[in-house]
Each structure stands twice: as structure tokens, then as C-alpha cells.
Amino acid sequence: MTIIDLGAPGSSGILDASSKREISFFSNMYVLGLTVTAGIGGLLFGYDTGVISGALLYIRDDFKAVNDSSVIQETIVSMALVGAIIGAAGGGWINDVYGRKKATLVADVVFIIGSLVMCAAPDPYILILGRLFVGLGVGVASVTAPVYIAEAAPSEIRGGLVATNVLMITGGQFLSYLVNLAFTEVPGTWRWMLGVAAVPAVVQFCLMVFLPESPRWLYMKDKKSEARAVLEKIYDSDRLEEEIDQLAAAAMQDLESRKRSVSYMDVFKSKEMRLAFFAGAGLQAFQQFTGINTVMYYSPTIVQMAGFASNQLALLLSLIVAAMNAAGTVVGIVLIDRCGRRRLALFSLSGVLVSLVILSLAFILQSSCNSNNQILSLGFCNSGIGWFAVVGLALYIACFAPGMGPVPWTVNSEIYPEAYRGICGGMSATVNWISNLIVAQTFLSIVELVGTGTTFLIIAGIAVLALLFVYIFVPETKGLTFEQVERMWKERAWGSEASSSGSSQKLLEYVA
Ligand code: BGC
């Protein structure tokens with residue numbers, strides 16, 4: 001792709017992506033180290049969401065009130081989601097006003113307090129308070145880590161680096177399943193399971209103290225020399241000047257928004273931001289409504305349908321599902337900057353759709369097997385259908401993990417203007433957490449009402465809507481600089497004529 005860049009200060013006029021000194025994923029250890037450190041936020045996210053199902057079994061043994069009340073059990077599980085909803089919404093604002101580094105440190109402190117409170121909880125109510133704190137920390141981290149990583153990343157590897165944070169999420173979930181298995185024989189089981197999460201948060205806090213603030217945020221806040229010092233660690237001298245020129249041009253365009261204080265309502269007043277937010281938040285909602293967390297939740301049941309009856313074996317096999325999810329995320333890291341976000345999401349959703357239909361058929365056949373001995377006598381029931389379901393499950397994870405797992409987080413870290421990147425990213429992460437809560441709270445009731453097979457069919461219908469949504473509303477952002485992305489939204493909102501007027505604006509034209 002050739003990019004003709006007219007009028008950019010210091011630009012030679014033509015930037016050819018292939019002649020640009022491209023940075024590869026492993027070529028800059030500084031950026032990779034920064035990504036992994038920020039990604040500890042993802043690890044806490046994944047660990048915290050995964051560990052509770054196992055811990056709950058033992059919490060029930062220790063507290064009679066928990067054992068006797070499903071409301072308390074549900075509150076223990078969902079209080080972290082409530083915290084994450086609040087944390088993501090407020091965390092976006094902390095990001096824009098105080099910076100990405102301070103937001104990460106705040107998230108760590110809140111998370112550490114929450115973990116220790118849970119670990120020492122004398123009764124279920126203090127435990128619930130701890131869950132709220134941990135959720136707040138996870139919510140702030142869920143918006144901060146992708147933005148911090150994206151802003152330090154060279155555009156050609158930005159997708160892969162942000163997806164690395166998602167690998168930390170799926171890795172964290174895998175780890176939590178391992179811990180669930182490992183701590184079963186240890187006294188004080190659940191206290192260890194919940195308290196041990198403070199360790200990575202402490203590690204991240206200590207490492208973050210030595211890492212810089214995001215160079216883009218620094219530049220926007222007029223701390224130009226500090227921004228330059230950070231960028232010097234990422235780019236060689238030629239590329240450095242190019243990046244600084246682009247930052248200067250963007251800063252000029254964003255002058256107005258930099259001068260006034262940013263507010264949530266601004267997002268809805270600007271047409272281009274509305275479009276971007278619609279695409280970003282829609283992706284986040286569809287990520288959850290296409291059922292990832294219910295499929296993960298249901299994996300032991302599906303595996304048991306295949307005839308593996310023992311609990312231990314079912315747990316082990318769901319560990320394999322979590323491992324597949326993490327391995328699939330690695331495929332996403334490799335593909336996201338090659339295929340592009342849009343194409344990856346479309347492929348991913350198509351596979352998710354097929355696998356949901358398979359899962360749905362398996363459950364529908366299973367229930368008709370239970371009530372119809374004729375099919376049973378054909379020998380197709382039980383293990384035949386069970387294996388069919390396991391294939392559906394494996395296909396679902398294999399298709400979801402590389403695409404709909406990382407794409408929403410990546411796209412949301414790169415489609416908003418600098419001054420509103422935190423606020424918009426935070427609002428759309430809030431949409432993700434609210435959708436997660438809605439799915440978690442309604443899934444079992446819907447299953448009771450219409451049956452598992454029909455429930456998966458409904459989710460398949462949502463996958464069709466998601467395909468249409470991505471096709472119509474989500475633009476490709478692969479390899480684009482933040483400035484090019486901003487220009488693209490202006491063009492989408494006002495047409496290319498309107499977006500190219502103005503003395504400080506650059507005219508970019510993409511020639512295939
Ligand atoms: C989602 C989580 C989900 C995880 C599992 C993430 O991208 O946001 O809700 O549990 O992927 O793959």
C-alpha cells in the first residue's frame with residue numbers, strides 16, 4: 001500500500017509502507033517488555049474472572065450462609081463484574097486526566113487491597129466487598145493496558161502487541177484453572193486462591209514505577225521533551241522524526257480539545273466520535289453476546305455429554321479448553337497485523353456461527369434422544385452426539401480465540417482521538433462488562449426457559465447480526481497511524497472534501 005501524504009511537516013510526500021523501516025514483533029525488546037508489564041493487567045483480568053468458580057466450591061464449605069443462599073453465591077461472583085463496570089467507566093477518565101501510568105498504579109493498589117480483603121475475609125459480606133475492590137481494579141486495568149500498549153507501539157505491530165494483552169487474559173484464565181486444581185488439597189483453599197492474585201499486582205506496581213508515561217499522552221499534555229525521550233527508546237533516528245512530525249500535526253488538529261477539559265458528553269456531540277464509539281462499543285457488546293463466557297462456562301457439561309463422566313476429568317478437559325483459548329490468541333497475535341482486524345473478525349464470526357449451530361444441534365438431538373428411544377436404538381445417542389458437541393466446542397474456541405477475542409480490545413485502543421482515547425475506550429469497556437454481566441445473569445434462565453440447544457441457536461442468530469455489524473460499521477485500521485485513523489473517521493462523518501479542508505490538515509490518499 002502506498003500512502004501519499006501531502007503537506008505533513010517534514011514529510012517527503014510519499015510514504016511507502018514497504019520502504020518504511022518496519023519494526024517486527026520481537027525486534028524491540030523495550031516495547032515488548034513494556035507490553036508484557038502492562039499486560040499483567042490482562043493477567044489479573046483473566047485470573048480474577050476464572051478463579052471464582054473453583055473458589056466458590058470451598059467458600060460454600062466454610063460459610064453456611066453462602067451454602068444456604070444462591071443469592072449470596074451469585075453476588076460473590078457478580079460483584080467483581082459490577083466493580084469492573086464502574087472501574088472501566090471511571091478508569092477511562094483517570095487515563096485521560098492523569099495518564100496511563102498513574103491509572104495502572106491506581107488499578108494495582110485497588111486490586112491488591114481487594115485481594116487481601118478477600119483473603120482475610122471473616123464473613124461473606126467482607127468477601128463481597130473485596131470482590132468489589134478487585135473488580136474495580138480489573139475494570140481500570142481493562143481500559144488502561146490496551147491504550148498504554150497501543151500508544152507505545154509502532155503502528156505495524158500495534159495489533160499484535162495489544163493482542164498480547166488478550167493473551168495475558170486467556171493465560172490468566174488458564175492459570176486460574178490450574179490453581180483451582182492445585183489448591184484443592186491445601187488448607188484454607190479459597191483464601192490462597194483469591195489472595196495469591198495480589199502477587200502479580202505487586203510485581204506490576206514495582207515494574208511500572210520504572211516505566212515511562214505513554215509518549216502520546218505526554219505530548220498531548222505539552223510535555224514534548226519527555227515524550228521525545230520515550231520515543232527515542234522505541235524508534236531509530238529517521239523514524240523518530242517521522243513519528244514526532246505526525247504527533248505535532250495531530251496535536252495541532254486537537255488543539256481545541258486539548259485546551260478544554262474533556263467530558264463524557266463530548267463523545268456524543270462529535271459526529272466522528274459517535275461513529276467510532278458505535279463501532280467500538282458494538283464490537284465489545286458482540287464479543288460478549290456471541291457467548292464466549294457461556295461456552296467456557298458450559299465446557300465441562302459439553303465434555304461430560306461426550307461421555308467423560310468424572311468431575312476431575314471434566315475439570316481437566318476444561319483446562320484444555322482454556323489452553324486452546326490461549327493458544328488461539330497466539331494465532332491472533334500473528335494474524336492481526338497481517339490479515340487486518342476486520343477480516344479477522346469476519347472469519348472468526350463465521351466460524352463461531354458454524355460452531356454454535358453444531359453445538360445447538362448436538363444439544364437438541366441430545367434432548368430428543370432423552371425423550372425418544374427410537375433414535376437411541378439407532379445407536380447415535382450418547383457418545384455420537386457427545387463427540388459432535390465436543391467438535392462444536394473445539395471449533396468455537398479455535399475460531400473465537402484468534403479473532404473476536406483480541407479484535408474488540410485492539411480496535412478500541414486505536415480508533416479514538418488522542419484526547420478522548422481513555423474516556424471512549426473506558427465507555428466501550430464498560431459496555432463489554434455490562435454485556436458480560438447480562439449474559440452471565442440471564443444465560444441459565446434462558447436455558448431453563450427454552451433449552452440449551454435453542455439458547456445456542458439464539459446466540460448463533462446474534463453471531464449473524466455481529467457479522468453484519470462488523471461488515472457495515474467496522475473499518476480496517478491495520479497498519480494505520482493514529483492520525484490516519486482520525487482522518488478516516490472525519491471522512492466517514494463528513495466526506496473526503498470536508499475532512500481535507502483546513503490549513504493544518506494533511507491529505508492522505510491510499511493507492512492500492
Ligand atoms: C473477553 C473475556 C473473555 C476472554 C476469553 C476476552 O477478550 O473480554 O470476557 O473471558 O476473552 O477468551
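This passage describes the ligand shell, a nonpolar surface patch and the salt bridges of a predicted model. Residues are numbered from 1 along each chain as its sequence is written, and side-chain values use heavy atoms, with hydrogens and water left out. Because the model is predicted, local features need pLDDT of at least 70 and side-chain atom pairs count only at pLDDT 80 or more, whereas totals for chains, interfaces and linings use all residues.

The ligand is surrounded by Phe45, Thr170, Gln173, Gln287, Gln288, Ile292, Asn293, Asn325, Gly405, Trp409, Asn432 and Asn436 (a residue is near a molecule if one of its heavy atoms lies within 4 Å of it). By class, this shell holds 3 nonpolar residues, 9 polar residues and no charged residues; Ala, Val, Leu, Ile, Met, Phe, Trp, Tyr, Cys and Pro count as nonpolar, Asp, Glu, Lys and Arg as charged, and the others, Gly among them, as polar. Three side chains of the shell place polar atoms beside ligand oxygen: a polar side-chain atom of Gln173 lies 2.8 Å from a ligand oxygen atom, an N or O atom in the side chain of Gln288 is 2.9 Å from one, and for Asn293 the distance is 2.7 Å. The ligand exposes 310 Å² when taken alone, and the protein buries 98% of that area (Shrake-Rupley method, 1.4 Å probe; for residues, only the protein chains shown count as cover). Two or more shell residues are given by each of α6 (158–182), α14 (271–289), α15 (292–305) and α21 (421–450); helices are DSSP runs (H or I) of at least four residues, numbered from the N terminus.

On the surface, Phe278, Val464, Leu465, Leu468, Tyr471, Ile472 and Phe473 form a nonpolar patch with about 680 Å² of accessible area together. Patch members have over 30% relative accessible area and no salt bridge, and nonpolar side chains (Val, Leu, Ile, Met, Phe, Trp, Tyr) are joined within 5 Å. Helix α22 (residues 452–473) supplies the largest share of the patch, 6 residues. Tyr471, which lies in helix α22, is exposed, with a relative accessible area of 54% (buried means under 20%, exposed over 50%, and partly exposed in between; 1.4 Å probe, protein chains only).

The structure holds 19 salt bridges, each a side-chain nitrogen of Lys or Arg within 4 Å of a carboxyl oxygen of Asp or Glu. Side chains of opposite charge can pair when their charged atoms come close. In the salt bridge between Glu414 and Arg158, the closest N and O atoms are 2.7 Å apart. This pair links distant parts of the chain, with Glu414 in helix α20 (residues 406–414) and Arg158 in helix α6, 256 residues apart. Glu414 is buried at 0% relative accessible area, and Arg158 is buried at 1%.

Asp222 and Lys224 also meet in a salt bridge (3.3 Å, N to O), and Lys224 is partly exposed, with a relative accessible area of 39%. Within helix α11 (residues 237–253), Arg239 and Glu243 lie 4 residues apart, about one turn of the helix. Their side chains form a salt bridge at 3.1 Å, N to O, and both residues are buried.

Asp96, Arg100, Glu151, Arg216, Glu418, Arg421 and Glu483 are joined into one network by salt bridges that share partners. Arg421 is placed in helix α21 and counts as buried at 1% relative accessibility. Its side chain makes a polar contact with the side chain of Glu151 (2.5 Å) and reaches the backbone oxygen of Tyr416 at 3.1 Å. A polar contact is a pair of N or O atoms within 3.5 Å; within protein, one must be able to donate a hydrogen and the other to accept it, and residues adjacent in sequence count only if both atoms are side-chain atoms.

Terms used: Patches are made of residues with over 30% relative accessible area and no salt bridge: like charges are joined within 9 Å, nonpolar side chains (Val, Leu, Ile, Met, Phe, Trp, Tyr) within 5 Å.
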